[in-house]
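User: I've got this model open and want to check the labels people put on it. Can you walk me through the reasoning?

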Amino acid sequence: MSTLARLVGFGLDFGQGWPMLTPAAPEARVVLVCRASAAGTWAATGAIEQWRRRAGMPGSMTLLGVVAVAASPRRPPRIATERLQLLRGWTPQIWRVGWVDALLAADDPRDVGAPPDVEALRTAIWQKIAPREGKR
């Protein structure tokens, strides 16, 4: 499970692929996560384009948004910021999560605790999925 999934307390990390859906789980609500770097935003751009075309995607997937995690304590490079601006027009939501130096030395990120931007992310995602959970 990824650091971010542990900090928000829900979700699964599917690595660099889309979730594989089965008849038992015919729908997925997806939040893409990338580093706020040139390579990270390039990968997110490709994933969003794949989702927009539904290329090779099984079943029904709802993209809730993209989380851009700071790649360092410094300001992100201009190319990363520009790509995130582009993605803003292609995805319902872009969230940003800042750098937390203490997480580098933590065996379990929950020992460090969730910073305010992660708490806000947790609330925002939960508000998007909780109403749908009640309809099942």
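Analyst: Sure, and keep in mind this is a predicted model. Start with the open sheet: three strands in the order β1-β2-β3, with parallel pairing.

User: What makes β1 and β3 the edge strands?

Analyst: Each of them, β1 and β3 (94-97), pairs on one side only. From one strand to the next, the twist averages 30°.

User: How do you know that β1 and β2 pair?

Analyst: Pairing takes at least two bridges, and β1 and β2 (residues 60-69) have nine, in the parallel sense. One example is Val 30, whose bridge partner in β2 is Leu 63.

User: And what makes β2 and β3 a pair?

Analyst: The cut-off is again at least two bridges; β2 and β3 have four, also parallel. Val 67 stands opposite Trp 95 in β3.

User: Which strands does α2 touch on the sheet?

Analyst: α2 packs against β1 and β2, and its direction makes about 155° with that of β1.

User: Why does the end-to-end distance of α2 agree with a helix of 16 residues?

Analyst: At 1.5 Å a residue, α2 (residues 38-53) should span 22 Å; its end C-alpha atoms are 23 Å apart, so the two agree.

User: Why are Gly 40 and Trp 51 of α2 called buried?

Analyst: Buried means under 20% relative accessible area, and the α2 residues classed that way include Gly 40, Ala 44, Ile 48 and Trp 51. Their cover includes β1, β2 and α3 (78-88).

Technical notes. Residues are numbered from 1 along each chain as its sequence is written. This is a predicted model: local features need pLDDT of at least 70, side-chain atom pairs count only at pLDDT 80 or more; totals for chains, interfaces and linings use all residues. Side-chain values use heavy atoms; hydrogens and water are left out. Helices (H or I, at least four residues) and strands (E, at least two) are DSSP runs, numbered from the N terminus. The expected span of a helix is 1.5 Å times one less than its number of residues. Buried means under 20% relative accessible area, exposed over 50%, partly exposed in between (1.4 Å probe, protein chains only). Contact means heavy atoms within 4.5 Å. Axes are lines fitted to C-alpha atoms, for helices over the stretch in contact, and angles run from 0 to 180 degrees between N-to-C directions.
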